[in-house]
Amino acid sequence: MPLVPMKQLLDEAVKGNYGVGAYNVNNMEQVQAIVWAARDTQSPLIVQASRGALKYSSLVYLKHLMLAAVEENPDLPIAMHLDHGNNLDSCKTAISLGFTSVMIDGSLMEDGKTASDYEYNVKVTKEVVNYAHERGVTVEGELGTLGGIEDGVGSGEIHVTDPAMVQDFVEKTGVDALAVAIGTSHGAYKFKSEPKLAFDVLEETGKRLPGFPLVMHGSSSVPAELVAVVNKYGGKMPDAKGVPMDAIKKGITMGVRKINVDTDSRIAMTGAIRKVFGETPDKFDPRDYLKPAREAVYNLLITKMKDFGTAGHAKDFAPKSLDDYRQLYAKKDRK
Ligand code: G3H
Ligand code: 13P
Ligand code: ZN
């Protein structure tokens, strides 16, 4: 099974009423952990790379690592997605690398920090949709802004999505999926006290866009047991807090179909590496610590794929190609 457009995975998730994790990757061990977890749970998979990840890997390395995952697992439906594209150019770059899906985060200006206005968001998102759909590529947009600043992504201020605007945004731009801001943020410090999300906003958004895939960014749960490993072996992550799994499950019942996770994999890897360094300071072969790091991510994702309800759905449908979707979009435009 080849790389599939993300729209197919999300539309299938709508039909089956489950969520699909979109897992960020930067290196080989993360790609392997994610794809092996998907293989062993038989889960459709979204592998995503941020602009920072692409830069870190000189673009082509990450592309080929993702393609290696597809080559090794020809029976798994996998979408390759650009996380937080900041303009048409970054989306074009990802599409030229073979990505089957892009996010244009027009809720922020090109600097990825300053909150934009609605007109700007509609304009830049529409531009990307026109370019991507001509090539069969899926587009995710965003309305509202997350809190938290992770390597330059995020305004640091939460602007919760206004449900009154979602239909207009989807109609004007033609996006295939919509990221909504309901109080989550990127990173390991999402809440100062108890986690609180705007489920009323999510519910209303779901009602206004029935059957339309919603996306939840900042969905790491920051599991206490993983943070404890980091802290036990010399790390310093006081007061780290994430989105509880029950909240994500509730989101899925309200229309969330794509669930973005990066921080949890980072914490799992870091804890595993710190443990090796702490317990066996004589080790210096990278395989001695990267293998446990890879296992830690694998174990974490097996649980997530089951909890999100993705497990077991890999063979529910026949995969479609970018060309199939190019024709579908063209037909829709002619109507
Ligand atoms: O959007 C945030 C993701 O966690 C990606 O983070 O830009 O540090 O790769 P990054
Ligand atoms: P986390 O920082 O919660 O893992 O969120 C990742 C994300 O939203 C990537 O776009
Ligand atoms: Zn994000």
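In this predicted model, the face of helix H9 turned away from its buried side carries the exposed residues Ala 224, Glu 225 and Lys 232. On the buried side of H9, which spans residues 224-232, stand Leu 226, Val 227 and Val 230. Seen down the helix axis, these buried residues fall within an arc of 100°, so they line one face of H9. The element against which the buried residues of H9 pack is helix H11, residues 263-279. After H9 comes Gly 234, a residue whose phi is positive, near 95°.

The loop between strand S7 and H9 contains Val 222, whose phi is near 50°, a positive value in a residue other than glycine. Val 222 is counted as buried because 21 other C-beta atoms lie within 10 Å, the cut-off for that class being 20 or more. A positive phi, about 55°, is also found at His 84, which is not a glycine either. His 84 belongs to strand S3, and because its C-beta neighbours inside 10 Å number 30, His 84 is buried as well.

**The strands and their pairing**

Strand S3 as a whole is largely enclosed by the rest of the structure, since eight of its eight residues are buried. On one side of the pairing scheme, S3 is joined to strand S2, residues 45-50, through six bridges in the parallel sense, and within this pair Leu 45 stands opposite Ile 78 of S3. S3 also pairs with S4, again in the parallel sense, over three bridges, and here His 81 has Ser 101 of S4 opposite to it.

A further set of pairings involves strand S6, residues 177-180, from which Ala 177 and Ala 179 point one way while Leu 178 and Val 180 point the other way, all of them buried. S6 pairs with strand S5, residues 138-143, in the parallel sense, and it also runs parallel to strand S7, residues 214-216. The table sets out the pairings named in this section, with one pair of opposed residues for each.

| Strand pair | Sense and number of bridges | One pair of bridge partners |
|---|---|---|
| S2 and S3 | parallel, six bridges | Leu 45 and Ile 78 |
| S3 and S4 | parallel, three bridges | His 81 and Ser 101 |
| S5 and S6 | parallel, four bridges | Glu 142 and Ala 179 |
| S6 and S7 | parallel, two bridges | Leu 178 and Leu 214 |

**The nonpolar core**

Several residues named above return in the account of the core. The largest nonpolar core has 94 residues, and those with the most contacts inside it are Ile 34, Val 47, Ile 78, Val 102, Leu 178, Val 297 and Leu 301. Helix H12, residues 286-307, supplies the largest share of this core, namely eight residues. In soluble globular proteins, nonpolar side chains tend to be buried together. Ile 34, when residues up to four places away in sequence are left out of the count, touches Tyr 23, Val 25, Leu 45, Val 47 and Leu 301.

Helix H2, residues 28-41, contains Gln 32, which is partly exposed because 19 other C-beta atoms lie within 10 Å, whereas the buried class requires 20 or more. Gln 32 and Lys 331 are separated by 299 residues in sequence and by 37 Å in space, C-alpha to C-alpha. Leu 108 sits in the loop between strand S4, residues 101-104, and helix H6, residues 118-133, and it is buried, with 22 other C-beta atoms within 10 Å. From Leu 108 to Gly 144 the C-alpha to C-alpha distance is 9.0 Å, with the two positions 36 residues apart in sequence numbering.

**The surroundings of ligand 2**

The shell around ligand 2 consists of 14 residues, of which the closest are His 217, Ser 220, Asn 260, Asp 262 and Thr 263. Two or more residues of this shell are given by each of three elements, strand S3 (78-85), strand S8 (256-261) and H11. H11 is also the helix against which the buried residues of H9 pack, while S3 is the strand that holds His 84. Divided by class, the shell around ligand 2 has ten polar, three charged and one nonpolar residue.

Definitions and conventions: Residues are numbered from 1 along each chain as its sequence is written. Chains are lettered from A and ligands numbered from 1 in the order in which they are written. This is a predicted model: local features need pLDDT of at least 70, side-chain atom pairs count only at pLDDT 80 or more; totals for chains, interfaces and linings use all residues. A residue is buried if 20 or more other C-beta atoms lie within 10 Å of its own, exposed if 12 or fewer, and partly exposed in between; C-beta atoms are placed from the backbone. The arc is that of the directions from the helix axis to the C-beta atoms. Two residues are in contact if their C-beta atoms, placed from the backbone, lie within 7 Å. A nonpolar core is a set of buried Ala, Val, Leu, Ile, Met, Phe, Trp, Tyr and Cys residues joined through C-beta atoms within 7 Å. A residue is near a molecule or strand if its C-beta atom, placed from the backbone, lies within 6 Å of it. Ala, Val, Leu, Ile, Met, Phe, Trp, Tyr, Cys and Pro count as nonpolar, Asp, Glu, Lys and Arg as charged, and the others, Gly among them, as polar. Two strands pair if DSSP finds at least two bridges between them.
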